[in-house]
Amino acid sequence: MNYLSVENLTKSFGVRVLFENITFGIDQGQKVAFIAKNGTGKSTFLKILFGTEGYDSGNVVFRKGIKTGFLKQAPIFPKGSSISEVVFNSKSEQIQAILAYEKAVKNPDDSEVMQQAFDKMDALDAWNYETKIKQILGQLNIHDLDQNVGELSGGQQKRIALAQVLIEEPDFIILDEPTNHLDVEMIEWLENHLAKENVTLLMVTHDRYFLERVCNEIIELDDQTLYKYKGNYSYFLEKKQEREEVFEANVSKAQNLFRKELEWMRRQPKARGTKAKSREGAFYQTKEIAHQKKDNSKVDIEINMSRLGSKILEIHHARKSFGDLKILDDFNYIFKKKERVGIVGKNGVGKTTFLDIILGKQNLDGGKVVQGETVVFGYYTQSGMKLKDDKKVIETIKDIAEVIPLTKGKKITASQLLERFLFPKHMHYNLVEKLSGGEKRRLYLLTILMKNPNFLILDEPTNDLDIITLNVLEEFLMDFPGCLMIVSHDRYFMDKLVDHLFVFEGEGKVKDFIGKYNDYRLALKNNPTKEIKVTNQPVKKNVEEVVVPSQSKTKLSYKEKVEFEQLEKDIPLLESKKVELNNLLVENTSNHEEIMKITDELGQVSTELDEKSDRWLALSEFV
């Protein structure tokens, strides 16, 4: 059953044509990814389909009666709205019944209203739906539904918008970069959710594992031509390479034939017979094929890395807290040449704070960071992208340098460097505000690499970059001779580039896991309640100890020692119980009473675990 038909769709901005006369259809149950380079109009294309952006010509037709949902790349919510008002902004009778029931639960004294709400839930069979909604909100870490959306970060707002789409259960979902701002647990849950659900899907994403596991068809826009691949990301890569090889072979064959036919054309008189005229017509067809050119341009990254000495970066007995929130607790590490480390952990455990400490943007509470004299940091971070919208693209580069030194003594101009980064000459004098999100990130990356760093720190570098640029960036980083530190939720990117991981577990605990990112995820799944095997690098013996100011209380009483020992036994048991209850919650998706019972118990266990962990932290200061 056809859900979407697109016929001869054309869209341009002035003289710039994004796509022209593209035609395709999506049937019920298909899960389709849309792939194209940055700047070719992926987000514009999705907006056109959903009806929030106009187009020049063609037709976009959805099947009558189906419900569609759209996750924008940067959602905007009404000012002053609460999370609840946004998430449950639907005319669905079931959602309205759930809202009425939740309201009644807050006022249990009004038994009549409570009974009416209860009866309505029964009549609409909304209990299972309520359970599903709570699971979606819980998986996306959305708990305080009364909070104002205006107080949330961009990442939190993206999760709210995603929850809104999933809760509405549309027949056809359009997703623009759904994995941006999600941690790995959320991404894996979303993968499973979309793969299992009987939903029709069209999405733009740079997450290649997500593509591989969710999509069963890929549509690629390349040189204003649409290509369709019936398969996942691996199949797409294989067939795309075959297509390009066939294209090159056909063009090469036509070029050889064209040279022969051109010689014949030059020899023949103007007056020709019927047979000669037929051959002349074939000549012009051959000429058209022979002169076909494919845009094979790709980002060309080459930098003259600053020399890196033997002493790089040392962290000794580092401690950092914000009130009761511990970020680092006696962390030690000595970086070596060509170090490749990934930083992982849930949102809010202090990964970005750790980077700021390394860069000297934040001070430690105790311990020290020693930086080698030759170290030149290059720091790519989402919050650090402060390009001036009113500046021209080439001015952004020339502000750093007019001429840029490369390896082996070579030099290039700012204009030549821009062309290597896929900014053709006609774009050099465009204002930065005219660039797409991915183009801005590419320009920002260029401004960092121009400074010739030998220690690269990349905080979520893959967001909004197209897959073509990501592949080139990965190739560059694999050959990068300096040190590399990456914070990313892109599992594919991490697997290709890092050798070990700093795992931020919370409460100041950071462990060094030797292995790829998927190795860590596999170890975590196989041993959810056990200690993951780690290797901690020893600290040099001659390092001067940091003196910590003495406190009024210096040791534990006998009673506190007994309490501390008991806490060390209780906390692992509570952690195991929490994991067990979470697993039960996932397995029991249909039994509403059982779900409510498990949820209540999980809340009690979580509260007790938090209280005992806080107490353990307080006592551990004096052990």
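Two strands count as paired if DSSP finds at least two bridges between them. Strands themselves (E, at least two residues) and helices (H or I, at least four) are DSSP runs, numbered from the N terminus. In general, the strands of a sheet pair through backbone hydrogen bonds, either parallel or antiparallel.

With that in hand, welcome to the structure. This is a predicted model, in which local features need pLDDT of at least 70 and side-chain atom pairs count only at pLDDT 80 or more, while totals for chains, interfaces and linings use all residues. Residues are numbered from 1 along each chain as its sequence is written, and side-chain values use heavy atoms, with hydrogens and water left out.

**Strands and their partners**

Let us start with β12 and β19, which run parallel and are joined by four bridges. One partnership to look for is G342 with L501 in β19. On to the next neighbour: β19 also pairs with strand β20 (residues 509-514), this time in the antiparallel sense over six bridges. There, G506 has K509 of β20 as its bridge partner. β19 and β20 form a hairpin with two residues between them. Strand β19 (residues 500-506) is largely enclosed by the rest of the structure, because six of its seven residues are buried, where buried means under 20% relative accessible area, exposed over 50%, and partly exposed in between (1.4 Å probe, protein chains only).

Elsewhere, three strands make an open sheet in the order β2-β1-β4, with antiparallel pairing. β2 and β4 (57-62) are at its edges with a single partner strand each, so one side of each has no neighbour in the sheet. From one strand to the next, the twist averages 15°, based on axes that are lines fitted to C-alpha atoms (for helices over the stretch in contact), with angles from 0 to 180 degrees between N-to-C directions. Five bridges link β1 to β4 in the antiparallel sense, and V6 has V60 in β4 as its bridge partner.

**Residues with a positive phi**

These residues are worth finding in the backbone.

| Residue | Phi | Place |
|---|---|---|
| N8 | about 50° | strand β1 (residues 2-13) |
| K338 | near 60° | loop between β11 (325-334) and β12 (340-344) |
| E507 | about 55° | turn of the β19 and β20 hairpin |

N8 is partly exposed, with a relative accessible area of 43%, while K338 counts as exposed at 55%.

**A helix**

Helix α15 (residues 467-479) has 13 residues and reaches 19 Å from its first C-alpha to its last, close to the expected 18 Å; the expected span is 1.5 Å times one less than the number of residues. Its buried residues include I467, L470, L473 and F476.

**A pocket**

What volume does the second largest pocket have? About 1,400 Å³ of space lies in it. Of the 45 residues in its lining, R16, N38, G39, T40 and E439 are the closest to its centre. A pocket here is an open set of points on a 1 Å grid over the protein atoms alone, with protein on both sides within 12 Å along at least five of seven lines, and lining residues have an atom within 4 Å of a point. α14 gives the most to this lining, with five residues. The lining divides into 14 nonpolar, 14 polar and 17 charged residues, with Asp, Glu, Lys and Arg counted as charged, Ala, Val, Leu, Ile, Met, Phe, Trp, Tyr, Cys and Pro as nonpolar, and the others, Gly among them, as polar.

Conventions
On a 1 Å grid over the protein atoms alone, a cavity is a set of points where a 1.4 Å probe fits but cannot get out, and a pocket is an open set with protein on both sides within 12 Å along at least five of seven lines; lining residues have an atom within 4 Å of a point. Grid points are joined across faces, edges and corners, and a volume is the space filled by probe spheres set on the points.
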